[in-house]
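Please find below a note prepared for a colleague who wishes to look at charged side-chain contacts and backbone geometry.

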Amino acid sequence: QVQLVESGGGLVQAGGSLRLSCAASGRTYSIYAMGWFRQAPGKEREFVGSVNWSAGSTDYADSVKGRFTISRDKAKNTVYLQMNGLKPEDTAVYYCTTAISAQPGVWHYRGQGTQVTVSS
């Protein structure tokens, strides 16, 4: 198994920035990709972005393109989500996930989540 622990959430004003971190432990050698999802109250979970662990290639939801950046530190088994230009609609619980296979859309493990609140 892979264990994931997120950190870095908090309260920020609109237009501000936050950086989330997600540290992986356990069978980290099995990681194929790591991703971020978010879920706002009363809404469905939404894909934010992901990074291929080996290649470093990234993918983003249209709603965050140009504002959010995902990066990884393979030595630390950590993935980051740099969020700039935050908007009130970015308010949600952000979850780190990991995939241990290349099957599209399949995520095997998830962290406990970290709250991000953007005030207007």
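The points below concern salt bridges, burial and one backbone angle in a predicted model.

1. The count of salt bridges comes to four. One of them pairs Arg38 with Glu46, whose closest N and O atoms are 2.7 Å apart. Arg38 counts as buried because its relative accessibility, 6%, is under 20%. Glu46, by contrast, is partly exposed at a relative accessible area of 30%.

2. Another salt bridge joins the side chains of Arg67 and Asp90, with an N to O distance of 2.7 Å. This pair links distant parts of the chain, its members being 23 residues apart. Arg67 sits in the loop between strand S6 (58–60) and S7, and Asp90 in the loop between S8 and strand S9 (92–99). Arg67 is buried, with a relative accessible area of 13%, and Asp90 is likewise buried, at 1% relative accessibility.

3. The two pairs above are not isolated from each other: salt bridges that share partners join Arg38, Glu46, Arg67 and Asp90 into one network.

4. The side chains of Lys65 and Asp62 also meet in a salt bridge, at 3.2 Å from N to O. Is Asp62 buried or exposed? Asp62 has a relative accessible area of 64% and is therefore exposed, the cut-off being over 50%.

5. A separate remark concerns the backbone. Asn77 is not a glycine, yet has a positive phi of about 50°. Asn77 belongs to the loop that runs between strand S7 (68–73) and strand S8 (78–83).

Terms used:
Residues are numbered from 1 along each chain as its sequence is written. This is a predicted model: local features need pLDDT of at least 70, side-chain atom pairs count only at pLDDT 80 or more; totals for chains, interfaces and linings use all residues. Side-chain values use heavy atoms; hydrogens and water are left out. Helices (H or I, at least four residues) and strands (E, at least two) are DSSP runs, numbered from the N terminus. Buried means under 20% relative accessible area, exposed over 50%, partly exposed in between (1.4 Å probe, protein chains only).
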